[in-house]
Amino acid sequence: MASVKISKPLPALPADWNSESSFIVHAPLSPAVHRNLSPAGPHFLAHARRKRHSRTFSEDDRIQAQQNVKNVEDEDASEISEAESPLLLSRDPKDWKNQDHYAVLGLSKYRYKATDEQIKKAHRKKVLKHHPDKKAAVGAVDDDSFFKCIQKAMEVLSDPVKRRQFDSVDEGANRDPPSKKSKGNFYKGWGLVFESEGRFSRKQPVPKLGDDKSTKADVEEFYNFWYNFDSWRTFEYLDEEVPDDNENRDQKRYIQRKNNASRAKRKTEDTARLRKLVDDALSLDTRIKKFREEEKKLRNAKKDAREAEEKRLAEEARIKAEEEKKRKEEEEAREKAQKADSKKAKEAAKNAVKKNRRVLKGSVKDVNYFVSGNATPALIDSVLGEVDLVIAKIDNEDLQTLAKSLSAAKGADAVKSTWVEAVGELVKKGSAKAEDFKVFAA
């Protein structure tokens with residue numbers, strides 16, 4: 001490689017320069033230096049490559065473009081690599097609203113999850129592969145339709161607002177729910193469905209469906225979240241194009257009102273669809289049945305415990321009532337027996353009193369009223385009157401004692417003496433007066 005020597009003279013000093021009056025102090029000037037310079041840079045490398053392979057400028061540019069495409073295709077081949085179907089390549093760029101922008105860029109498996117970096121890489125890869133200049137260079141048909149589709153896809157997906165609008169209607173990201181007769185894994189199938197729907201939630205993170213080990217609180221939180229789902233999903237992407245001309249303002253307002261009505265209708269239909277989706281999942285969720293059975297068992301256990309307690313209390317009340325009834329019956333029987341005994345005792349006492357009275361009256365009669373010979377009626381009345389007075393004044397116990405004493409007394413003197421003694425006791429007690437007695441006076 002050739003070397004180049006450069007020798008540059010020092011600039012001359014000004015004529016009026018005065019070193020004593022200058023504020024600048026200059027270092028001593030170094031002598032001229034000779035350096036070897038080597039040619040480098042992309043332009044020199046391109047020149048060397050053309051010389052080495054004897055290529056023209058156009059040939060080298062075409063070959064380099066092909067190599068760049070190959071390098072880009074090899075780069076992240078496993079990450080962004082989708083086969084392009086003939087139907088996709090034949091799309092009409094004018095019908096861009098109906099095209100799948102993610103499929104055009106080869107991001108079908110990523111869709112709304114694709115990062116901005118992945119979108120840029122995919123766009124670069126597609127551009128290098130389908131650029132009209134490249135196709136013309138290799139002798140392909142001059143058709144830039146699919147390239148326009150690529151550019152439109154990049155325009156939509158690189159703009160956050162437009163991408164959000166497209167994601168709202170991107171059917172490719174939707175997951176169809178498993179059928180009610182499906183025998184597959186409930187949590188796996190429905191989990192993907194709710195994960196897909198969760199991309200529209202304003203509240204993040206979205207609760208997971210969980211599995212058969214999830215608690216009742218987690219399951220209730222999941223379904224409460226979806227029954228109160230706050231969706232940001234809009235449908236502007238499907239709007240009818242509004243004319244830009246200012247002359248037809250009425251037509252423009254009409255289309256805007258029509259678009260607003262269509263958005264509201266689609267929003268209502270989407271809310272109903274999501275509600276039905278949650279209803280279907282809830283009806284198939286075996287955990288709900290399990291929780292209900294557990295609640296039923298708990299309610300039944302409480303009911304059984306309550307009924308057992310009520311039965312126990314009722315049995316205790318029955319036993320207590322029976323005991324109370326038995327006690328009352330026994331008490332009534334006892335009172336009845338006591339009354340009977342009392343009655344008998346009273347009857348016996350009454351009979352004893354009658355007997356004792358007969359004994360008292362008989363005692364004076366047996367001694368002929370204390371006279372020899374026939375007793376006059378007046379004497380009999382007098383003696384019996386004093387006997388009746390004693391009977392009226394004396395209590396039953398003393399009456400019985402007196403009757404026994406009279407029964408044991410023999411002879412008129414002994415009987416009279418017994419009477420006189422009994423009357424004296426009555427007088428002493430204050431139950432009778434001495435002057436009331438003539439026969440039995442002391």
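**Exercise 1. Helix H7**

Work out how the reach of helix H7 compares with its expected span, and which of its residues are buried.

*Solution.* Start with the limits: helix H7 covers residues 145–157, 13 residues in total. Helices here are DSSP runs of H or I with at least four residues, numbered from the N terminus. Next, take the expected span, defined as 1.5 Å times one less than the number of residues. For H7 that gives 18 Å, and the helix reaches 19 Å from its first C-alpha to its last, close to the expected value. Finally, look for buried residues (under 20% relative accessible area; exposed is over 50%, partly exposed in between, with a 1.4 Å probe and protein chains only). In H7 these are Phe146, Phe147, Cys149, Ile150, Lys152, Ala153, Met154, Val156 and Leu157.

A word on the model: it is predicted, so local features need pLDDT of at least 70 and side-chain atom pairs pLDDT 80 or more, while totals for chains, interfaces and linings use all residues. Residues are numbered from 1 along each chain as its sequence is written, and side-chain values use heavy atoms, leaving out hydrogens and water.

**Exercise 2. Backbone exceptions**

Find the cis peptide bond, then examine phi at tyrosine 369 and phenylalanine 370.

*Solution.* Keep the usual pattern in mind: most residues other than glycine have a negative phi, and most peptide bonds are trans. The cis bond joins glutamine 204 and proline 205, with omega about 0°. Proline 205 sits in the loop between helix H9 (186–197) and helix H10 (216–227).

Now move to the loop between H12 and helix H13 (377–393), where tyrosine 369 lies. Its phi is near 60°, a positive value. Phenylalanine 370, also in the loop between H12 and H13, has a positive phi near 70°. Is each side of this pair buried or exposed? Tyrosine 369 counts as buried because its relative accessible area is 11%, and phenylalanine 370 is buried at 18%.

**Exercise 3. Charged patches**

Locate a negative and a positive surface patch, and place one member of each.

*Solution.* First, the negative patch gathers Glu329, Glu330, Glu332 and Glu335. Glutamate 332 belongs to helix H12 (residues 286–366) and is exposed, at 52% relative accessible area. Second, Lys350, Lys354, Lys355, Arg357 and Arg358 form the positive patch. Arginine 358 is in helix H12 and is exposed, at 56%.

Patch members have over 30% relative accessible area and no salt bridge, with like charges joined within 9 Å (nonpolar side chains within 5 Å). A salt bridge puts a side-chain nitrogen of Lys or Arg within 4 Å of a carboxyl oxygen of Asp or Glu.

Conventions:
Helices (H or I, at least four residues) and strands (E, at least two) are DSSP runs, numbered from the N terminus. Accessible areas come from the Shrake-Rupley method with a 1.4 Å probe; for residues, only the protein chains shown count as cover. Lys and Arg count as positive and Asp and Glu as negative; His and the chain ends are not counted. The place of a charge is taken as NZ of Lys, CZ of Arg, CG of Asp or CD of Glu.
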